[in-house]
Amino acid sequence: MKNLVLVVEDNLANQELLQDWLEGEGFEVASAANLQSALNALEARTPQMILLDVQLGTEDGLALSAWIRSNPPISHIPIIAVTAHALMADQQRVVQAGCNACVPKPIDFRILRGQLAQWLGSPASNATAASKSQAGSQP
């Protein structure tokens with residue numbers, strides 16, 4: 001089983017770019033273009049990682065991060081903010097809202113790969129660990 005990454009991004013070109021790259025890196029990808037579709041995706045299946053655009057059109061992506069952190073069943077999910085606002089003050093605001101890391105746009109995929117490795121490890125090793133963990137927790 002592959003690790004599932006939820007990409008929350010309102011720009012379709014950026015969403016497709018991230019999806020194609022993540023799939024090439026060995027991840028399974030679910031996508032959402034706004035807060036409601038992100039909530040629906042989270043209800044359908046719990047991802048191992050969320051890549052979150054901070055500005056989703058008129059919606060504040062950080063509201064989703066704060067909501068996730070306030071919900072114990074999913075509060076452990078690592079969230080990487082992806083933002084065009086890369087100033088230090090913006091990065092501090094992102095971390096204060098509950099994101100684990102911040103990757104500036106345009107995305108440097110070497111940096112994103114490093115963040116994914118830091119929070120998830122390799123896609124194959126985590127999928128193996130997750131399936132062993134699930135197998136061990138079954139009655």
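A residue counts as buried when its relative accessible area is under 20%. The structure used in these exercises is a predicted model.

**Exercise 1. Cysteines**

Task: Find how many disulfides the structure has, and explain why Cys99 does not form one.

Solution.
Step 1. A disulfide requires two cysteine sulfur atoms within 2.5 Å.
Step 2. For Cys99, the closest cysteine sulfur belongs to Cys102, and it lies 7.6 Å away, which is too far for a bond.
Step 3. Starting from Cys102, the closest cysteine sulfur is that of Cys99, again too far for a bond at 7.6 Å.
Step 4. Over the whole structure, the search gives zero disulfides.

Task: Decide whether Cys99 and Cys102 are buried or exposed.

Solution.
Step 1. Cys99 has a relative accessible area of 4%, so it is buried.
Step 2. Cys102 has a relative accessible area of 17%, so it is buried.

**Exercise 2. The largest nonpolar core**

Task: State how many residues the largest nonpolar core has, and which elements supply at least two residues each.

Solution.
Step 1. This core has 22 residues. Val8, Leu42, Ile50 and Leu64 have the most contacts inside it.
Step 2. At least two residues each come from β1 (4-8), α2 (35-44), β3 (49-53), α3 (61-69) and β6 (79-83).
Step 3. The element that gives the most is α2, with four residues.
Step 4. A second core, separate from this one, has 17 residues, including Leu18, Leu51, Ile80 and Val103.

Task: List some of the residues that Val8 touches beyond four places in sequence.

Solution. Among them are Ala32, Ala38, Ile50, Leu52, Leu56 and Leu64.

**Exercise 3. Helix α3**

Task: Where do the buried residues of α3 lie around the helix axis?

Solution.
Step 1. The buried residues in α3 are Gly61, Leu62, Leu64, Ser65 and Ile68.
Step 2. Viewed down the axis, the buried residues of α3 fall within an arc of 150°, so they line one face of the helix.
Step 3. At the start of α3, Asp60 places a side-chain oxygen within 3.0 Å of the backbone nitrogen of Leu62.

**Exercise 4. Val82**

Task: Describe the surroundings of Val82.

Solution.
Step 1. Val82 is located in strand β6.
Step 2. Its relative accessibility is 2%, so Val82 counts as buried.
Step 3. Setting aside neighbours within four places in sequence, Val82 contacts Leu51, Leu52, Asp53, Val54, Val103, Lys105 and Ile107.
Step 4. Pro106 is 24 residues from Val82 in sequence, and their C-alpha atoms are 9.0 Å apart in space.

Methods. Residues numbered from 1 in each chain as written. Predicted model: local features only at pLDDT ≥ 70, side-chain atom pairs only at ≥ 80, totals over all residues. Heavy atoms only, no water. Core = buried A, V, L, I, M, F, W, Y, C linked by side-chain atoms within 4.5 Å. Buried < 20%, exposed > 50% of the residue type's maximum accessible area, 1.4 Å probe, protein only. Contact = heavy atoms within 4.5 Å. Arc of directions from axis to C-beta. Polar contact = N/O pair within 3.5 Å; in protein donor to acceptor, adjacent residues only side chain to side chain.
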